[in-house]
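Let's take a walk through this structure together, one region at a time. Have the sequence and the 3D view open as you read.

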Amino acid sequence: MSNYLAEVPAADLVPGADRYGPMLGNVAAIPAMRGDETVGYVFLNSDFVTTTGYSGKPIHVLIGVDTDARITGARLVKHSEPIVLIGIPQSKIDAVITKYAGLDLIAQAEGEDGGHQLDIVSGATVTVMVIDDSILRSGLKLARLLGLGGLAPETASAGPAFVLREDSGAAPKDWPTLTGDGSVRALDLDIGEVNAAFEATGDQRAIDRPEKGDPADTFIDMEAALVSVPAIGRSLLGPTEYANLETWLAEGDHALLLLGRGDYSFKGSGYVRGGIFDRIHLIQGDDTVRFNDKQHRRLGALAAEGAPGFTELDIFKIPADAGFDPAEPFRIQLLVQRPVGAIEKVFTTFDLGYQTPEAYLEPVAAPAPSADETAKVNAEIAGSQPDDLTHLWKRIWESKSFEVGALLASIGVLSGAFFFQMQLTRNESLVFWFRIGFLTFTLFFLGWYANAQLSVVNVLAFFSAVSTDFSWSAFLMDPLIFILWFSTAAAILFWGRGAFCGWLCPFGALQELSNRLAKLARVPQYWVPWGVHERLWPIKYIIFLGLFGLSLYSLELAERFAEVEPFKTAIILKFQRGWPYVLFAVAVLVPGLFIERFYCRYLCPLGAALAIPGRMRMFDWLKRYNECGSPCQRCAKECMVQAIHPEGNINPNECHQCLHCQMLYQSTTKCPVCIKREARRAKFAKIDSLKAPAGAT
């Protein structure tokens, strides 16, 4: 934390403070001093709670709190969120964090909002929700540890006061009974209530775009039930589905059933792309549970007699390590969004409270914890991270199993094509459609769907980590990027940079496919004179070396200059970015309509970074004839990146392994050597046929 404090004056986090005091001995916090008086405390959110963002890496926020348990200031000091680094201006995130000043943690501890309203930034929903959650939970933990505002320190748990009662012999209950005894709780919002809530935000853009329809019409009817409670689960799911649920849940897991109908969906569609349900989350005390697609199952129909029809019936798993207590009250927070522009949205929230009915709970007597146990728990809270990186990256890999499987399968197919390239390239049509199909997969699945676009930033970050505090766990946080890097490193030893640049780079695929369309539209193609072409090659190496040298001074500064790569704008953000970035991306794509793979040839620093170790490749797979280059120039003239020298040699630093030259190498209609060879064969076959005796078969 001390390295961040040097960048933020004490007065910015605790108004009136003129300096920082020494670190407290038992808690990861630093007093904010005014003279000799302690006027507040400063701490880092990640020292108290897990702050893993969309990137899989922590989001670090310095927070100030006064002696009355009121947040006085907060500052985002470090993060790796791609949407903020390369898309949404950080000023928008900073504006959201600034609003936490004045938040009453005592009101939060008592279950009130304390005037707090979650302020979402369009396009960065998950990031802002993580920041919000971490500020609230870390603030409460610190306030309790220090007893600020009269908040009592947390005590060691003596075990649950209640456990779920097993009612295996109880008859299933009908819908009216389940709603009447509180087994099913509802949040019923009409259009008028939602419009009034957006009016209360004071955002004129949202006020000017009210939800259409009769104010009394249903906006959403969302109902919740804790179906891991045996009696509730059997009644709502039926015996077969409940048995399936028990198989799905591990020991300590719980399950929440959410039902919905009306104009608004509590699921939305964001989880299809990112795997996270960003419209709902569960809150219990200081803890928040967010759900991903691996914790989700659809339910076909309700088994309870008299149940109405719902358009959404979904079960969400609450994992055992979430700290959830089914006997304690909790709430489901629903995020309602309203578009106010092409990509801009305004948000507000509504809560659905839930308490498991006492009829399903059985009291448990437990001894009170000792003072030593309580002190031990508080010390662990103050000085340890709740989740370790190893457990975290394994969870991320499990949640991305489909994408990982698809990527591994595609790499396997590509490897097979390279190992058996002579067999593949015998058929020109097969080579063409295989390449078009693979590049389409690379662009649409790897690029625009999975955001698996390697960048020179990854290279710079790797070298920085190796020279400082290298950790495999940190690199394993993004499974697709890790697999791509590992496979690219292996491919460099066999084939050079071409395996990635020519086949697995989404931006490269975008360039080539757009050039193919340009050719279909009869856009003229230009051949760069060899002398000019050869002198333009070094530009990308100069760019890479400049970025590498800059990273030795400041990795953050190098990452900003790495905007020379348009990958983030064109692939990760799909051109939904500020106009200067979009203009730059278009500016490097347009020349590619006339000169195939223009950016790859002359400007790409990532290609340069891969070409340098590519000289270590162990094999030379591309076959050539003695006549290649002298006199035949066909391969050189048809090479899409002009990687073949006029004398016939292939430059491995520039070759994209498209296999076109290998198709020509075997072509009996295009390669002069093959044409002559076939002519000789035909001539000898004719001579042999003339020599054969009459009547011979």
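## A four-stranded sheet

In this predicted model, four strands line up as an open sheet in the order S11-S10-S14-S15, with antiparallel pairing. Strand S11 (287-289) and strand S15 (345-354) are at the edges; each has a single partner strand, so one side of each is left without a neighbour in the sheet. From one strand to the next, the twist averages 25°. As a reminder, strands of a sheet pair through backbone hydrogen bonds, either parallel or antiparallel.

To see one pairing in detail, look at strand S10 (residues 280-284) and strand S14 (residues 330-339): they run antiparallel and are joined by four bridges. A handy place to start is Ile280, whose bridge partner in S14 is Leu334. The sheet also has a helix to look at: helix H8 (residues 191-201) lies across S14 and S15, and runs at about 120° to S15.

## A buried arginine

Now move along the chain to helix H28 (residues 598-602), where you will find Arg601. Which side chain of opposite charge is nearest to Arg601, and how far away is it? It is Glu596, at 5.9 Å, and Arg601 has no salt bridge although it is buried. A salt bridge here would need a side-chain nitrogen of Arg within 4 Å of a carboxyl oxygen of Asp or Glu, so the 5.9 Å to Glu596 does not qualify.

Glu596 still meets Arg601 in another way: the backbone oxygen of Glu596 is 2.9 Å from a polar atom of the Arg601 side chain. Leaving out residues up to four places away in sequence, Arg601 touches several others, among them Val528, His533, Trp537, Lys540, Met640 and Glu654.

## Its glutamine partner

Gln642 sits in the loop between helix H30 (634-638) and helix H31 (660-665). Is Gln642 buried or exposed? Its relative accessible area is 1%, so Gln642 counts as buried. The side chains of Gln642 and Arg601 are joined by a polar contact of 2.6 Å.

Apart from neighbours within four places in sequence, Gln642 is in contact with Trp527, Val528, Trp530, His533, Trp537 and Arg601. Val528, His533 and Trp537 also touch Arg601.

## A partly exposed glutamate

Last stop: Glu362, in strand S16 (residues 361-363). With a relative accessible area of 37%, Glu362 is partly exposed. Glu362 and Ala327 are 35 residues apart in sequence, and their C-alpha atoms are 9.3 Å apart in space.

How values were computed
Residues numbered from 1 in each chain as written. Predicted model: local features only at pLDDT ≥ 70, side-chain atom pairs only at ≥ 80, totals over all residues. Heavy atoms only, no water. Pairing = 2+ DSSP bridges. Helix = DSSP H or I, 4+ residues; strand = E, 2+ residues; numbered from the N terminus. Axes fitted to C-alpha atoms, helices over the stretch in contact; angles between N-to-C directions. Contact = heavy atoms within 4.5 Å. Buried < 20%, exposed > 50% of the residue type's maximum accessible area, 1.4 Å probe, protein only. Lys, Arg positive; Asp, Glu negative; His and termini not counted. Polar contact = N/O pair within 3.5 Å; in protein donor to acceptor, adjacent residues only side chain to side chain.
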